[in-house]
Amino acid sequence: MGQSDVLWFEAVTRPDVALVGGKNSSLGEMVQNLEAEGIRVPPGFATTSEAYWRYVEANDLRPVIIDRLGEMASGKKTLAEVGQSIRSAFLGGDWPEQTATAITDAYRELGKRAGKEDLDVAVRSSATAEDLPDASFAGQQETYLNISGEGALLDACRRCYASLFTDRAISYRQVRGFDHMQVALSVGVQQMVRSDIGGSGVMFSIDTESGFDKVVRIDAAWGLGENVVQGAVDPDAYQVFKPLLDDESLLPIVEKTLGEKAIKMVYAPGDPPIKNVPTSKAERASFVLSDQEIILLGRWAAAIERHYDCPMDMEWAKDGETGEMFIVQARPETVQSRLEANVFKSYRVLEKGKTLSIGLSIGSAIATGRVCLIEHVRDIDKFVDGAILVTGMTDPDWVPIMKRAAAIVTDHGGRTSHAAIVSRELGLPAIVGTGDATHVLHTDQEVTVSCAEGDQGFIYAGTASFEIDELDLDTLPETKTKVMLNLANPSAAFNWWRIPADGVGLARMEFVVANQVQVHPMALVNFEMLKDETVKQQIEALTAGYDDKSEYFIDTLSRGLARIAAVLHPKPVIIRMSDFKTNEYASLVGGADFEPEEENPMLGFRGASRYYSPRYREGFALECRAIQRLRNELGFKNVVVMIPFCRSIKEADKVLEVMAENGLVRGEDGLEVYVMCEIPSNVILASEFATRFDGFSIGSNDLTQLTLGVDRDSEELAGIFDEEDEAVEWMIGSVCEAAHMAGAKIGLCGQAPSDHPAFARFLVGCGVDSMSVTPDSFFSVKRHVADAEAEAAEDEPVAARA
């Protein structure tokens, strides 16, 4: 008789949203179609929308709902009063016998299948309009964990029904235009995964900030998953590169960031049957997932995305008793997948005030305004429309004021927290997990919230000036000359994935070393010899979790470079080996002990001369090992290595020899090695250099400086420093000719083609294979090159064209 009140997951599929809601129909879809691919979903069943309406009719709730909502519409009662009244009516209702019997019979059967009486289950609400592409009801209704026993289960199901009329759910449906009487609620009852003694989290099959569709983002914390969803913890963050997941020999993990994970949610006796407890020091210092588990989840995310044919938002759990992984929820991602793909919008900060706080950036926009600091949800009526909301963390009760904010800033939470998800959906810039925003900011303070500078979000004092570029990618011309990107910052790299560039023409290794590694490699190799205790403590803190300090350098550098290598994969990414000057190396942690003081570092101990020198040879070995890992273990074979400031043929031979000793052999396994052309000797002996390297990249700044004998940093000589000088153009023309004769590739990296359309025409005339420019210059350079190619074609004699 109760067959229509309850359905097992294996009996429902994705089209059954009207019957069992988005959440439960998706679980059934995965049980039926994806378990064969090894994706595990905890077993369970769902109550149907028919059961919900049976409960409503049996307790005569329909007139109560209609009357109370009418009183709110007429202004007689507030949202809070109406919500409370409807929920109380639901909670005071009695179960129709057939529905109660259907639920308890299914619960007993679930326990029998699991071999356990009074099985502990998760009880989740699933609205029948939930997770439609244009409406994300996620978090609107309640979830109850570790429910055990028939009586407790029926009570939890009743509370789920009542949660269809929380204040936030009523408000959300009003805004979206849903008829309250057309939305029902299904309850999912699912065997608990013992993640209370394991770990859990959230994952997306795309990058949630940039929309980059080739990565899986995973957030992880100890204990039950509600803390990650709510943003109550700062989780571990991992990213996996999807195109390389099919190769079993690779570990394409492009990000591993250790989160604080200060608390975890565990089982508890009594009501509620869960509680938060502090994590141990060991748990805070450890990653929740092993590399193999990260890869497994990445593969599952890619398989689920393939099956649903759209980007997905998933929750996962790891059972602490068995070590098994499970997917406990999957729904379509509702923000990035709806963005207009062919319009590229970028923000750039021009002038800014003092940095007040830093966190994780959500989105890529910038907002300015006054702070409205609210610490408790009971005070949300004090919010001022258009202000920047600053608080500890948010949950669905905050949504009504989040919609009215210019930006959102929180102390806690990661990229998959409630504040982050809602901000993306609302199209608002947000900075989460600052740790101190509520401490350092105050109400009515004028600030700028910038999410336009990579993974980190910055809150600046005052109103910063900024500009917005909006470009239609469909209007971009095709060019024979490749136009590539100069990239250095791994945290901002994914912002540029939509740009149709021909690869990365210059990735600066030293930027990753300075900003992510932070330690001089020789200080890691010779750690025991360091005498400065403060420096040793700094290094110990940075390398925590690594038994081998050299491994910290290799691991951090290879992952940072991997994010740049991933952006335009499989197009080439030319990584220049470190090109710090001695004064810049000395400013790294522990660097002062290993660098000489020089009068003129620009022409001193830099580039290739360091790589075979006893002073730095061991440091260069670590750089080589990082590149080896990047290509062979992470799988980025599109990486090309480039040697900077190589003064002579002898030096070239020495560097190639040292590289080979460290596993980087030119020509082996497809490895190409380029050389920077930035010294007159590179031009004069171009044909000789071309026998040792696969290509040249003209560094126009240094080449101009050394050709004209002009210090490029001199204000007095700024008027003479000219990349379009006849002597510099002769140099460029000569090296292009020599490279082509030798069959080597030749490109230029620098701003000149962007600043001077005539220079772009000159380069096209020289036949350069590529130009590499900063992302903000890409569109103008692409157009300059297209114009230059069109002019060249017009000037070409008819006979030649024939």
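R217 has its place in strand β7 (residues 215-222), where strands (E, at least two residues) and helices (H or I, at least four) are DSSP runs numbered from the N terminus. This is a predicted model, in which local features need pLDDT of at least 70 and side-chain atom pairs count only at pLDDT 80 or more, while totals for chains, interfaces and linings use all residues. Residues are numbered from 1 along each chain as its sequence is written, and side-chain values use heavy atoms, with hydrogens and water left out.

**Surroundings of R217**
- R217 is buried, with a relative accessible area of 1%, buried being under 20% with a 1.4 Å probe and protein chains only.
- Leaving aside neighbours within four places in sequence, R217 is in contact (heavy atoms within 4.5 Å) with residues including D207, E255 and R415.

**Nonpolar cores**
- The largest nonpolar core (buried Ala, Val, Leu, Ile, Met, Phe, Trp, Tyr and Cys residues joined through side-chain atoms within 4.5 Å) has 109 residues, of which F636, I643, M659, F696 and I732 touch the most other members.
- Helix α18 (residues 549-567) gives the most to this core, with 10 residues.
- Apart from this core lies another of 43 residues, among them W95, Y144, A156 and C160.

**A closer look at I732**
- Leaving aside neighbours within four places in sequence, I732 is in contact with I698, L703, L748, F759, F762 and L763.

Notes. Buried means under 20% relative accessible area, exposed over 50%, partly exposed in between (1.4 Å probe, protein chains only).
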